[in-house]
Amino acid sequence: MESIDQIMQHDHKRLDRLLEQSAEAVSHGAWQEAAHFLEAFRHGIVDGHMTVEESTLFPAFERQKGDAAQSLTALLRKGHQDLRIFFEEMAEAIHEQDAETFEDLLSTVQTILKQHDAREENELYPFLTNALTDHGEAAGRRILDFEAEAKS
Amino acid sequence: MSEYHGCELPEDLFYDLDYVWVRPEEDGTLTIGITDPAQTMSGRLQKARIKKIGTHLEAGRHVATLESGKWAGGVPVPFAGEVMDRNEKLLEDPHLINIDPYNDAWIARVKPDDPPHALDKVSTGSAAVEALEAWIKRYGVQCMRCSE
């Protein structure tokens with residue numbers, strides 16, 4: 001199995017592609033397809049990626065780094081909280097077939113994700129193998145299970 | 001006016017204890033903006049989108065989105081209501097938020113659906129300031145204002 005660092009980075013790329021597919025469908029007015037891809041993206045990122053981070057990865061990082069980790073994980077948790085609201089707003093824009101609002105939200109969400117993912121990949125993931133008692137095997141498996149579910 | 005780590009925290013405003021301040025107006029609307037520590041954390045703002053007048057928002061939804069070179073985020077409303085006015089100047093020059101976040105750079109005025117309970121989820125006075133100081137410490141913010 002790949003390292004937890006590699007698995008999480010790979011999951012970022014997979015989720016980015018799903019969001020791009022939703023945006024592509026919106027640009028063609030394929031609203032049903034857009035809703036399908038957005039829901040696949042939301043499920044993967046909220047129920048999979050963020051849940052694993054908040055329940056396992058952030059606490060392990062905080063235990064290892066102590067107070068030095070707090071401002072980073074607080075910022076990342078806050079980012080997740082904001083993103084969950086944006087995803088709901090994007091789903092509403094698709095439901096209302098409002099491409100202009102969707103595009104505005106997409107621009108903001110992609111900016112947030114770019115910055116958020118870069119921080120995780122540079123400041124968090126490289127330390128996880130040592131921070132987790134099983135070197136991230138269980139967390140990695142949960143992410144891979146979500147990826148497999150999405151493919152099936 | 002309280003100050004902590006260089007951040008101004010007016011005690012007469014209401015706060016969601018995150019990014020947002022709220023000021024009740026005489027006409028029953030509530031003015032919304034972002035705090036000094038929030039504008040510092042965001043960096044020099046380059047883009048602002050504010051919901052159109054007449055838009056109805058549920059509590060927690062974004063009345064505006066803001067972007068700088070290093071940050072992007074939303075401005076949630078702490079109560080449900082209708083956008084009655086928005087600060088058009090910010091659409092042209094969002095950087096005003098970095099200069100005067102509590103006055104000239106208000107973001108929107110919202111008429112709450114349920115006025116008696118509109119401020120139920122926001123805090124004010126010394127309790128709010130204390131919670132905001134903890135917020136500033138948690139995120140390691142040292143406030144800076146732009147002069148122009």
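These legends go with a handful of close-up views of a predicted model.

**View 1. Chain A, an all-helix chain with 6 helices and 0 strands.** Reading along the sequence, you just get α-α-α-α-α-α. Chain A has a radius of gyration of 16 Å, close to the 15 Å from the globule rule for 152 residues, so it's as compact as a globular protein of that length. The C-alpha trace spans about 45 × 35 × 20 Å along its principal axes. As for burial, 47% of the 152 residues count as buried. Contacts in chain A reach well along the sequence: of those with a separation of 6 or more, 76% are between residues 24 or more positions apart.

**View 2. Helix α1 of chain A, residues 4-27.** This helix has 24 residues, and from first C-alpha to last it reaches 35 Å, close to the expected 34 Å. After α1(A) comes Gly29(A), which has a positive phi, near 70°. In chain A, α1(A) is also where confidence is highest, with a mean pLDDT of 96. At the other end of the scale sits α5(A), residues 128-131, with the lowest mean, 86. Chain A as a whole averages 93, and 99% of its residues reach 70 or more.

**View 3. The disulfide between Cys7(B) and Cys143(B).** Over all chains, the structure holds 1 disulfide. Its sulfurs are 2.0 Å apart, and with 95° about the S-S bond the link is right-handed. Cys7(B) is in strand β2 (residues 7-9) of chain B, while Cys143(B) is in the segment after α4(B) (125-139), so the pair ties together parts 136 residues apart in sequence. Both ends are tucked away: Cys7(B) counts as buried because its relative accessibility is 0%, and Cys143(B) counts as buried too, at 10%.

**View 4. The largest nonpolar core, with 45 residues.** Ile32(B), Val63(B), Val75(B) and Ile107(B) have the most contacts inside this core. Its largest share, 6 residues, comes from α4(B). Zoom in on Val63(B) and, leaving aside neighbours within four places in sequence, you'll find it in contact with Ile32(B), Arg49(B), Ile50(B), Lys51(B), Leu57(B), Val75(B), Val77(B), Val83(B) and Ala108(B).

**View 5. Another core, of 27 residues, lying apart from the largest one.** Among its members are Leu18(A), Phe41(A), Ala93(A) and Leu106(A). In soluble globular proteins, nonpolar side chains tend to be buried together.

Methods:
Residues are numbered from 1 along each chain as its sequence is written. Chains are lettered from A and ligands numbered from 1 in the order in which they are written. This is a predicted model: local features need pLDDT of at least 70, side-chain atom pairs count only at pLDDT 80 or more; totals for chains, interfaces and linings use all residues. Side-chain values use heavy atoms; hydrogens and water are left out. Helices (H or I, at least four residues) and strands (E, at least two) are DSSP runs, numbered from the N terminus. The expected span of a helix is 1.5 Å times one less than its number of residues. pLDDT is the predictor's confidence in each residue, from 0 to 100. A disulfide is a pair of cysteine sulfur atoms within 2.5 Å. Buried means under 20% relative accessible area, exposed over 50%, partly exposed in between (1.4 Å probe, protein chains only). A nonpolar core is a set of buried Ala, Val, Leu, Ile, Met, Phe, Trp, Tyr and Cys residues joined through side-chain atoms within 4.5 Å. Contact means heavy atoms within 4.5 Å. The radius of gyration is taken over C-alpha atoms; the globule rule is 2.2 Å times the number of residues to the power 0.38.
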